[in-house]
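Please look at the sequence and the structure shown below before reading on. The report then goes through a few local features, one after another.

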Amino acid sequence: MEITDANGKGKLEYHILIDLIEGKGLQIDAEGLGYEHIYLYNESQKTMVREGKVDAKDEYVLMFEGLSGLQAKDGLVYPALMLDITDSLGKKVLHNPNLLKELTDNGMKESEFLESKFPVTIRFKPYELVNPCVLKAVFEDRLSGKKIHVDGLIHIQY
C-alpha cells in the first residue's frame with residue numbers, strides 16, 4: 001500500500017507479509033506438474049476451510065494457483081480438471097468429468113495459462129447423504145498425462 005500527500009512530495013509505503021496456510025485435510029499428490037497453492041475456500045464466509053467442515057448453504061471454491069509444467073504444442077496447452085464428491089455410501093453428490101472441456105478440446109495459450117488461476121466453484125443442493133464425503137479432483141495435462149491429485153474428506157452440514 002502506498003500513501004502520498006497532496007503535493008506528491010512525501011509518501012508512506014506499508015507492506016504486509018502474509019503466509020497462505022493450506023487447508024487441513026487436503027492431500028495433494030503432484031505427478032510431474034507444479035503448483036503454488038491448492039486450497040478449499042468458503043467464498044460466502046471469506047475463510048479457508050479447515051478440518052473439512054462445510055455448510056451446504058455456503059458457496060465454496062477449490063482454488064488451483066500457480067500451475068506449471070504443462071507441455072505445449074504450437075504455443076497451446078490442453079488442461080483438464082475432474083471433480084467428484086461422493087458420500088460414504090458411494091452416492092455421487094457432485095461429479096463433473098471435465099470442468100475445462102472447452103480448454104481441453106481447443107487449447108489455451110501457454111502465456112495466458114501461466115498467468116491464470118483455476119477456481120472451481122462448488123454449490124450444494126439439498127441432498128440426503130451420509131458423511132463423511134470424499135472430495136477428489138484431478139488436474140491433468142492432456143498432452144503429457146502429468147497430473148495433480150487432490151483428495152480430502154469433507155463433512156457437509158445441512
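## A pair of strands and their sheet

In this predicted model, strand S4, which covers residues 37-42, and strand S7, which covers residues 60-65, run alongside each other as an antiparallel pair joined over 6 bridges. One of these links can be followed residue by residue, since His 37 has Glu 65 in S7 as its bridge partner.

The two strands belong to an open sheet of 4 strands, whose order is S5-S4-S7-S12 and whose pairing is antiparallel. At the edges of this sheet are strand S5 (47-48) and strand S12 (118-122), each of which pairs on one side only.

## Two loop residues with positive phi

On either side of S5 in the sequence there is a residue whose backbone deserves a careful look. Lys 46, which is placed in the loop between S4 and S5, has a positive phi of about 60° although this residue is not a glycine. Glu 51, found in the loop between S5 and strand S6 (53-55), likewise has a positive phi of about 60° without being a glycine.

Are these residues buried, partly exposed or exposed? Lys 46 has a relative accessibility of 52%, and because the cut-off for exposed is over 50%, this residue counts as exposed. Glu 51 has a relative accessibility of 49%, which is not over 50% and not under 20%, so this residue counts as partly exposed.

## A buried threonine in a helix

Thr 104 is part of helix H1, which is made up of residues 101-106. Is this residue buried or exposed? Its relative accessible area is 12%, and because buried means under 20%, Thr 104 is counted as buried.

Which residues does Thr 104 touch, when residues up to four places away in sequence are not counted? They are Tyr 78, Pro 79, Ala 80, Asn 98 and Arg 142. With one of them, Asn 98, there is also a polar contact, in which the side chain of Thr 104 and the side chain of Asn 98 are 2.9 Å apart.

## A cis peptide bond

The last feature concerns the backbone again, this time at a proline. The peptide bond that leads from Asn 131 to Pro 132 is cis, and its omega is near 0°. As for where this proline is found, Pro 132 lies in the loop that comes between S12 and strand S13 (133-141), and S12 is one of the edge strands of the sheet described above.

Notes. Residues numbered from 1 in each chain as written. Predicted model: local features only at pLDDT ≥ 70, side-chain atom pairs only at ≥ 80, totals over all residues. Heavy atoms only, no water. Pairing = 2+ DSSP bridges. Buried < 20%, exposed > 50% of the residue type's maximum accessible area, 1.4 Å probe, protein only. Polar contact = N/O pair within 3.5 Å; in protein donor to acceptor, adjacent residues only side chain to side chain. Contact = heavy atoms within 4.5 Å.
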